[in-house]
Amino acid sequence: MTMENPYQPPRSVVSDVPVESENNSGGGSNIVLPDGVKGWSWGAFFWNWIWSIFNKTWIGLLALVPYVGFIFAFYLGFKGRELAWRNKRWESLEHFNRVQRSWSKWGLIIFVGVALLGIVAAIAIPAFQGYVIRARSGANHSFQRTAGRLRLPVPSALRASAAPEFKRWSPISSLRNN
């Protein structure tokens, strides 16, 4: 009974080691994709037509067509990296991945930034409109209360009956007035 040396490195067959593939980017639709090209592309999903121009993937311009664009954004998200590898010549796989990561990073940053800006605007705009309405109508009432305590005459322009009526604008109210 022979005992194996536990400190001896494992043996491997040279034919099992993958050979470094050549750079076949920009070769069209008939090339074999190397490992590391396939995957989801946030850059192609969020910036579909801009991404398509910079990656020479002209079919991505279909994202500009109404109704088709929404569906095509998902197609570019799924297949965008493969299309970019096939349609544009890249220095290396590392260069390709670095550029696509950059597109994804900026796509997510700008998407989150716009979403946060939209949330802030959705909260701030109605709050500001309410503030303006309260400031315009409430200024007259506070002056009247102060003038009443001091027994000062209230000018007729500042009386509550003379205060202008402020209404919120809506598309329906503008149609009724016409």
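**A guided reading of an all-helix chain**

The accessible surface of the protein chain comes to about 13,900 Å², and 64% of this area belongs to carbon and sulfur atoms; accessible areas come from the Shrake-Rupley method with a 1.4 Å probe, and for residues only the protein chains shown count as cover. The model is a predicted one, in which local features need pLDDT of at least 70 and side-chain atom pairs count only at pLDDT 80 or more, while totals for chains, interfaces and linings use all residues. Residues are numbered from 1 along each chain as its sequence is written, and side-chain values use heavy atoms, with hydrogens and water left out.

The chain has five helices and zero strands, where helices (H or I, at least four residues) and strands (E, at least two) are DSSP runs numbered from the N terminus. Of the 178 residues, 22% are buried, that is, under 20% relative accessible area, with exposed meaning over 50% and partly exposed in between (1.4 Å probe, protein chains only).

Helix 2 covers residues 48-54 and includes F54. This residue counts as exposed because its relative accessibility is 53%.

The loop between helix 2 and helix 3 (68-87) contains K56. Although K56 is not a glycine, it has a positive phi of about 55 degrees; its relative accessibility is 45%, so K56 counts as partly exposed. Y67 is also found in the loop between helix 2 and helix 3. Y67 has a positive phi of about 70 degrees, again without being a glycine, and counts as exposed because its relative accessibility is 78%.
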